[in-house]
Amino acid sequence: MTLHWLIALAIITNIVVILTVPEDRSPTAIAMMQFHMALGLTVLVLSILRLVWRWMNPLPPPPQGLNHWIRISGAAMHHLLYFLMVAIPLAGWLMVSANHFSPSWFGLFHWPAFPGFAGLDKAAGHQWHETFESIHVVLGWAMVVLVPCHIAAGLYHHLVRKDNVLIRMLPGTRLREGV
Ligand code: HEM
Ligand code: HEM
């Protein structure tokens, strides 16, 4: 639960940052891009941790009385979000690695190139950069669209169905039963 909210905050912040970067090479634009990359790489590590945690810990059952289609679409959406949480920052890392650029992690150290990418020649690096840039941008926009849907689903559970799906996601609650 803690990881869910930390990652959610980081992803939403990162989307706001990238969508408001000025389109010039000003120091502000450069600082915002560096922040986008450092925060995105943090999301990658936290999301991998979260997947490991999730794999080791079973989910509480969904609330009773949810129809088949809501259950299936909820599970599909969560799988898609997990995929995007890893694939987007991974594509970002591959994109900059192909360009031989190692982003600074909040000024503390330089993030290494993705294994195998440091030795790419200029032409191959350029090609891979273009490929992963397209993947990053398309998947990034998919996240921009899906997050509001996910939030709307959480609010639907809380306000319309009045079940405990949103409340049991709050850190500190230890509910294991479906309601
Ligand atoms: C939480 C993770 C991330 C999210 C949600 C995210 C989202 C996005 C989105 C939506 C765009 C497109 C913006 C537009 O169309 O103007 C973008 C662009 C970009 N991202 Fe990310 N990103 C993440 C992580 C990263 C990482 C880890 C890196 C690199 C290490 C990175 C580097 C870039 C770069 C260089 C661009 C500009 C690409 C271009 O405009 O051609 N991002 N990101
Ligand atoms: C970028 C932002 C977010 C991402 C990537 C994300 C991702 C996820 C994922 C993957 C799950 C599935 C949990 C699991 O199966 O272990 C989940 C569950 C959940 N999320 Fe989010 N989330 C985000 C933001 C939010 C926000 C802002 C809310 C507030 C309404 C929210 C409410 C919930 C709730 C209530 C659940 C629990 C569903 C259940 O118990 O079955 N999420 N989220």
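This briefing walks through the chain, its two iron sites and its nonpolar core.

The structure is a predicted model, in which local features need pLDDT of at least 70, side-chain atom pairs count only at pLDDT 80 or more, and totals for chains, interfaces and linings use all residues; side-chain values use heavy atoms, with hydrogens and water left out. Residues are numbered from 1 along each chain as its sequence is written, while chains are lettered from A and ligands numbered from 1 in the order in which they are written. The protein chain has four helices and two strands, and two of its ligands, ligand 1 and ligand 2, hold an iron atom coordinated by a pair of histidines.

**The overall chain**

- Going along the sequence, you meet the elements in the pattern α-α-α-β-β-α. Helices (H or I, at least four residues) and strands (E, at least two) are DSSP runs, numbered from the N terminus.
- A box of roughly 55 × 30 × 30 Å, taken along the principal axes, holds the C-alpha atoms of the protein chain.
- Of the 179 residues in the protein chain, 34% are buried. Here buried means under 20% relative accessible area, exposed means over 50%, and partly exposed is in between (1.4 Å probe, protein chains only).

**What the UniProt record says**

- UniProt, in an unreviewed entry, gives residues 2-172 the feature "domain: Cytochrome b561 bacterial/Ni-hydrogenase". UniProt positions are given in the numbering used here, feature names are shortened, and annotations may be inferred rather than shown by experiment.
- In the model, residues 2-172 are 70% helix and 2% strand, and the end C-alpha atoms of this stretch are 9 Å apart.
- The record, again an unreviewed entry, lists "transmembrane region" at residues 5-21, 33-53, 74-96 and 138-159.
- Residues 33-53 are 100% helix, with end C-alpha atoms 30 Å apart. Residues 74-96 are also 100% helix, and their end C-alpha atoms are 33 Å apart.

**The iron site of ligand 1**

- His36 (NE2) and His136 (NE2) coordinate the iron atom of ligand 1, at 2.0 Å. Donors are N, O and S atoms within 2.8 Å of the metal (3.2 Å for Na, K and Ca), and water is not among the atoms, so sites may look incomplete.
- Histidine 36 belongs to helix α2 and histidine 136 to helix α4, so the pair ties together parts that are 100 residues apart in sequence.
- The arrangement is octahedral because the six donor atoms subtend angles of 85 to 179°. Six donors count as octahedral if opposite donors are over 155 degrees apart and all others between 65 and 115. For comparison, the ideal angles for six octahedral donors are 90 or 180 degrees.
- Histidine 36 is buried, at 13% relative accessible area, and histidine 136 is buried too, at 16%.
- Around ligand 1 there are 21 residues, of which Met33, His36, Glu133, His136 and Trp141 come nearest. A residue is near a molecule if one of its heavy atoms lies within 4 Å of it.
- An oxygen atom of ligand 1 is 2.3 Å from a polar side-chain atom of glutamate 133. Tryptophan 141 has a side-chain N or O atom 2.9 Å from an oxygen atom of ligand 1.

**The iron site of ligand 2**

- His4 (NE2) and His150 (NE2) coordinate the iron atom of ligand 2, at 2.0 Å.
- This pair links distant parts of the chain, with histidine 4 in helix α1 (residues 2-20) and histidine 150 in helix α4 (residues 122-161), 146 residues apart.
- The site is octahedral, with angles of 87 to 180° among its six donor atoms.
- Histidine 4 is buried at 13% relative accessible area, whereas histidine 150 is partly exposed at 26%.
- Ligand 2 is surrounded by 18 residues, the closest being His4, Arg54, Tyr82, His150 and Arg168.
- Oxygen atoms of ligand 2 lie 2.6 Å from a polar side-chain atom of tyrosine 82 and 3.2 Å from one of arginine 168.

**The nonpolar core and a proline**

- Which residues have the most contacts inside the largest nonpolar core? They are Ile7, Ile11, Leu84, Met85 and Met143, in a core of 18 residues. A nonpolar core is a set of buried Ala, Val, Leu, Ile, Met, Phe, Trp, Tyr and Cys residues joined through side-chain atoms within 4.5 Å.
- Helices α1, α2 (27-56), α3 (68-98) and α4 each give two or more residues to this core, and α3 gives the most, with seven.
- Proline 89 lies in helix α3 and is buried, at 10% relative accessibility.

Terms used: Tetrahedral: all angles 85-135°; square planar, octahedral: opposite > 155°, others 65-115°. Polar contact = N/O pair within 3.5 Å; in protein donor to acceptor, adjacent residues only side chain to side chain.
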